[in-house]
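This report looks at how a few helices and one strand residue sit in their surroundings. The sequence and the coordinates come first, and the reading follows.

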Number of protein chains: 2
Amino acid sequence: MPRSTRRRPELSHPAPEEIDLYDVLHALSDPTRMTIVRILRSEPERACGTFPVDVAPSTLSHHFKVLRESGVITQREEANRRFSALRVVDLERRFPGLLDTVLAALARNDGAAQGA
Amino acid sequence: MPRSTRRRPELSHPAPEEIDLYDVLHALSDPTRMTIVRILRSEPERACGTFPVDVAPSTLSHHFKVLRESGVITQREEANRRFSALRVVDLERRFPGLLDTVLAALARNDGAAQGA
DNA sequence: ACGCACTTTCGACGGATGTCGAACATCGCA
DNA sequence: TGCGATGTTCGACATCCGTCGAAAGTGCGT
C-alpha cells in the first residue's frame, strides 16, 4: 500500500486557550520534566535524545508526552527525530509571567548547585 | 498525670530556606488545595472547617497537611480549632513573585466563571 | 459530668504516576 | 536490501495520591 506523506499520527497539542493551569503545574512538579523545560528555555528547539537526563528512553518519551499534552512544549517531527520547543508565546498569553517566575524559582531552589 | 501546656504534637513546618519548589508546585496542582490558597490570599487566617470545599473532613485534613509540609501555609492551634494562614513572606523571599503569578494564572484559568 | 463540635489519625481502596524492558516503527546510509 | 539510530507503544510493577468512613482526642458549653 502507498505510503502517505503523513503516516504517523498527529501529535496532540492543546489549543492555547485550553491550556490548564493544574496540568501545567503538575507537569512542572517533576524534576526530570523541569530539567527539560529549563534547558529548552535557552534554546529554540532540541531533539529528544539530546537531553542530559538519566532515564530510560521510554521514560523520557513519557515525560515529553506529559509536557506536550499539558501545553508546555510543542513537538515537531523531522525524519526520525522529534524536536521539542517551549510554547513560550502561548504560555505567556495564557498565564503571563508564569514560566519566567517558575524558572527563576527553580534557580533559587537548586541554589548555587547545578547552575544553568 | 499533669497535663502540660503543650500536649499536642508540634505542627511540622519547613524552614523558609528549606521550602522545596517541587513540593510547592505539587501542592498547588490540586484544585481543592488551590482553592484553599486562593481564599487564604485575601484573609489573614481562617479556621479549617470554614472553607467552602466539598470533601470529607479527613480529606480536608490531608490537604492541609500537604500544604503545611510543603511550606505554603502555617497552622496555629487555638482551643480545638486550627487556623491556617498563607506563608506569604516566606514564600516571597524564597520564590519571589511565584504566589502572585500562580494566583493570577488561576484567575485566568477559571476564566469569567467562579471568580474570587 | 456529659455530650457536642472541630480535627486528626488510621486503614482501606481505586486510580494515577514514574519507571523499566521488550518489541515495533521510521528513516538514513552503506 | 539490510542495518543502525532515534523514538514510541505496550505491558508490568511498585509507589504515591486523593478519597472516604470509623475511631479517637481535645475543649467548650450545658
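At what angle do α2(A) and helix α3 of chain A pack, and how far apart are their axes? In this predicted model, α2(A) and α3(A), the latter spanning residues 57–69, pack at an angle of about 70 degrees, and their axes lie 10 Å apart.

## Chain A as a whole

Chain A is built from five helices and three strands, and these elements follow one another from the N terminus in the order α-α-β-α-β-β-α-α. Of its 116 residues, 44% count as buried, while the accessible surface of the chain comes to about 6700 Å², with 50% of that area belonging to carbon and sulfur atoms.

Contacts between distant parts of the sequence can also be counted: among the contacts in chain A that join residues at least 6 apart in sequence, 65% are between residues at least 24 apart.

## Helix α2 of chain A and its cap

Helix α2 of chain A, which runs over residues 31–41, is mostly covered, with eight of its eleven residues buried. The buried set consists of A:Thr32, A:Arg33, A:Met34, A:Thr35, A:Ile36, A:Val37, A:Ile39 and A:Leu40, and thus includes A:Arg33. The N-terminal end of α2(A) is capped by A:Asp30, one of whose side-chain oxygens lies 2.9 Å from the backbone nitrogen of A:Thr32.

## Two helix crossings

Two packed helices are described by the angle between their axes and the distance between the axes. For the pair introduced above, an angle of 65 to 115 degrees counts as roughly perpendicular, and α2(A) and α3(A) are therefore roughly perpendicular to each other; their crossing is right-handed. On the α2(A) side the contacts are made by A:Thr32, A:Arg33, A:Ile36 and A:Val37, which meet A:Leu60, A:His62, A:His63, A:Phe64, A:Val66 and A:Leu67 in α3(A).

With helix α5 of chain A (residues 98–109), the axis of α2(A) comes within 11 Å and crosses at roughly 110 degrees. That makes α2(A) roughly perpendicular to α5(A), although here the crossing is left-handed. The residues of α2(A) that take part are A:Met34, A:Val37, A:Arg38 and A:Arg41, and their partners in α5(A) are A:Leu99, A:Asp100, A:Val102, A:Leu103 and A:Leu106. A:Val37 is listed in the contacts with α3(A) and in those with α5(A).

## Helix α1 of chain B

Helix α1 of chain B (residues 21–28) has six of its eight residues buried, so it is largely enclosed by the rest of the structure. The buried residues are B:Leu21, B:Tyr22, B:Val24, B:Leu25, B:Ala27 and B:Leu28, and they pack against elements of both chains: α1, α2 and α5 of chain A, together with α2, α3 and α5 of chain B. B:Asp20 caps the N-terminal end of α1(B), where a side-chain oxygen lies 3.0 Å from the backbone nitrogen of B:Tyr22.

## A buried glutamine in chain B

B:Gln75 has its place in strand β2 of chain B, which covers residues 73–78. Since buried means under 20% relative accessible area, B:Gln75 counts as buried at 7% relative accessibility. Its side chain makes a polar contact with the side chain of B:Ser84 at 3.1 Å. Leaving aside residues up to four places away in sequence, B:Gln75 touches B:Leu11, B:His13, B:Cys48, B:Phe64, B:Arg68, B:Arg82, B:Phe83 and B:Ser84.

Terms used:
Residues are numbered from 1 along each chain as its sequence is written. Chains are lettered from A and ligands numbered from 1 in the order in which they are written. This is a predicted model: local features need pLDDT of at least 70, side-chain atom pairs count only at pLDDT 80 or more; totals for chains, interfaces and linings use all residues. Side-chain values use heavy atoms; hydrogens and water are left out. Buried means under 20% relative accessible area, exposed over 50%, partly exposed in between (1.4 Å probe, protein chains only). Helices (H or I, at least four residues) and strands (E, at least two) are DSSP runs, numbered from the N terminus. A polar contact is a pair of N or O atoms within 3.5 Å; within protein, one must be able to donate a hydrogen and the other to accept it, and residues adjacent in sequence count only if both atoms are side-chain atoms. Contact means heavy atoms within 4.5 Å. Accessible areas come from the Shrake-Rupley method with a 1.4 Å probe; for residues, only the protein chains shown count as cover. Axes are lines fitted to C-alpha atoms, for helices over the stretch in contact, and angles run from 0 to 180 degrees between N-to-C directions. Angles under 35 degrees count as roughly parallel, over 145 as roughly antiparallel, 65 to 115 as roughly perpendicular and the rest as oblique. A crossing is left-handed if the near helix is turned anticlockwise from the far one by less than a right angle, and right-handed if clockwise.
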